[in-house]
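Thanks for coming, everyone. Let's put the model on the screen and walk through its pocket and its cores.

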Amino acid sequence: MGEVGRLLRGWRDTRRMSQLDLSGRSGVSTRHLSFVETGRSRPTRQMLLRLAEELDVPLRARNELLLAGGYAPAYPESALDGPPLADVLSALREVLAGHGPNPAVLVDRHWTMVDGNAAVALFTAGCAPELLAPPVNVLRLALHPAGMAPRIGNLAEWRTHLLHRLDRQATATGDPVLHELGAELAGYPGGEAGIRPDGLVVPLRFDDLNLFSITSVLGTPRDVTLSELAIEAFLPADAATATALGRRMAGSSHGPWAG
């Protein structure tokens with residue numbers, strides 16, 4: 001089996017899709033698909049892109065597929081601080097600011113904080129300095145005993161939610177860094193909660209605040225870096241929390257990295 005065939009088979013297995021299923025969706029015959037996976041046939045560039053689309057392969061991994069097949073990458077990967085992404089990042093920072101007085105952060109594929117609004121200081125206050133030294137991993141910050149964890153009232157429930165979410169992401173992307181991060185976080189104390197059918201969302205009970213989170217991603221990214229960015233924002237789950245957030249931020253001069 002060649003490298004491109006091994007990668008295709010791996011993504012097909014990850015998506016729990018048979019050769020027949022993928023054949024029907026992509027228009028590639030099962031015979032040809034089998035030959036590609038076993039290395040008996042070399043796929044064209046367009047075939048690889050079509051198969052990757054049907055398998056919902058992340059853009060970074062699509063480039064890896066193309067390289068394994070002997071083709072140039074199809075998607076650029078721009079530096080976060082480079083000119084190509086400047087306008088988009090400026091717009092994303094406006095979104096972060098617009099979420100105030102509610103905390104919101106911009107994270108990359110490994111949950112590293114790229115930026116955050118001023119309200120993030122509510123979360124970082126009292127956290128160990130080493131957890132706030134760039135690069136800041138927001139999941140580590142949330143669950144580490146020297147981070148936010150001691151102030152989370154429903155730590156077992158929130159920890160379980162984050163670990164399950166990270167595990168799904170690691171499986172979906174095949175990223176070994178996320179698997180390693182999951183293993184690290186699973187070793188932190190905090191307990192594990194069962195699945196609760198009650199309630200509309202999993203809450204974050206932080207100090208006297210009752211919050212829920214939303215995730216926003218770019219709808220049509222064509223750049224690898226942009227495709228891996230997400231905004232994690234926390235909104236008040238009740239009127240008392242909304243009032244408290246507004247009052248706290250109105251009296252705060254802290255920036256997004258302040259403790």
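Which helices and strands each supply at least two residues of the lining of the largest pocket? Helix 5 (59–68), helix 10 (155–173), helix 11 (176–186), helix 12 (224–227) and strand 5 (230–236) do. Helices (H or I, at least four residues) and strands (E, at least two) are DSSP runs, numbered from the N terminus.

A word on the source. This is a predicted model: local features need pLDDT of at least 70, side-chain atom pairs count only at pLDDT 80 or more, and totals for chains, interfaces and linings use all residues. Residues are numbered from 1 along each chain as its sequence is written, and side-chain values use heavy atoms, with hydrogens and water left out.

Back to the pocket. Its lining has 36 residues. Nearest the centre lie Pro 58, Gln 169, Thr 173, Ser 227 and Glu 228. A pocket here is an open set of points on a 1 Å grid over the protein atoms alone, where a 1.4 Å probe fits, with protein on both sides within 12 Å along at least five of seven lines; lining residues have an atom within 4 Å of a point. Helix 5 gives the most to this lining, five residues.

Now the cores. A nonpolar core joins buried (under 20% relative accessible area, 1.4 Å probe, protein chains only) Ala, Val, Leu, Ile, Met, Phe, Trp, Tyr and Cys residues through side-chain atoms within 4.5 Å. The largest has 39 residues; Leu 143, Met 148, Leu 185 and Leu 204 touch the most other members. Helix 10 brings the largest share, six residues. A second, separate core has 23 residues, including Trp 11 and Tyr 71.

Note on methods: Buried means under 20% relative accessible area, exposed over 50%, partly exposed in between (1.4 Å probe, protein chains only).
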